[in-house]
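Biologist: Could you take me slowly through one helix of this model, telling me what surrounds it and how its two ends look?

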Amino acid sequence: SMNATDVQPDRLTAAIAAARRLTDALPENFRLGLVTFADFAEVQAPPTTDRDAVRAALDRLQAVGGTAMAIGLQRALDIARAPVPDEHGTGSRRLPAVLVLLSDGKDTQSSISPLDVAQQARSLRVPVYAIALGTPSGEVEVQGQFGLPQRIRVPPDTETLREIARTTGGRY
């Protein structure tokens, strides 16, 4: 679905551009990470103040597979809440966290519901700011059963994204 061209020039390029703008706009002392989700979720850049690491991870992104939104959200929540060394280096602490969830589709791969993960985020007081990428008329061309091209609709799941944001105290 990230190859759809209903957002110019395509959804993946638009998502990367938006992530770059966020990377550049955040204060330098904020830790920023990147988790992607397709058929599975993968940490592309663990939370860091090193913006070059995040930019390099963005440069490597490709559009392949399904949409494991809940697994991606869970992975992001886990790394955001991981303890870090305290300022004295003698113990650890948990830093405040906010998640930005950008998705262009409906969860097709996760074994858990994105709304269940939103409840976990709420209990941990981690707001999720959800962004729907794409339009209701978005389509991609895939190879059909007999090798013929087939167009399938790939609208974003705006209802789930709105509910994730509402549940966690974030915004849609």
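Modeller: Helices (H or I, at least four residues) and strands (E, at least two) are DSSP runs, numbered from the N terminus. The model is predicted, so local features need pLDDT of at least 70 and side-chain atom pairs count only at pLDDT 80 or more, whereas totals for chains, interfaces and linings use all residues. Residues are numbered from 1 along each chain as its sequence is written, and side-chain values use heavy atoms, with hydrogens and water left out.

Let us take H4, which spans 114–123. At its start, a side-chain oxygen of Ser113 comes to within 3.0 Å of the backbone nitrogen of Leu115, and just after the helix Arg125 has a positive phi of about 60 degrees. Along H4, Pro114, Val117, Ala118 and Ala121 are buried, meaning under 20% relative accessible area with a 1.4 Å probe, protein chains only. These four lie on the same side of H4, because they cover an arc of only 105 degrees around the axis, taken from the directions from the helix axis to the C-beta atoms. Their cover includes H3, S6 and H5, where contact means heavy atoms within 4.5 Å.

The wider setting is the largest nonpolar core, of 22 residues, where Leu73, Leu99, Leu101, Val128 and Ile164 have the most contacts inside it; such a core is a set of buried Ala, Val, Leu, Ile, Met, Phe, Trp, Tyr and Cys residues joined through side-chain atoms within 4.5 Å. H4 is among the elements giving it two or more residues, as are S1, H3, S5, S6 and H5, and H3 gives the most, with 6 residues. Val128 touches Ala121 of the helix, and its other contacts include Leu73, Leu99, Leu101 and Ile164, leaving aside residues up to four places away in sequence.

Definitions and conventions:
Buried < 20%, exposed > 50% of the residue type's maximum accessible area, 1.4 Å probe, protein only. Polar contact = N/O pair within 3.5 Å; in protein donor to acceptor, adjacent residues only side chain to side chain.
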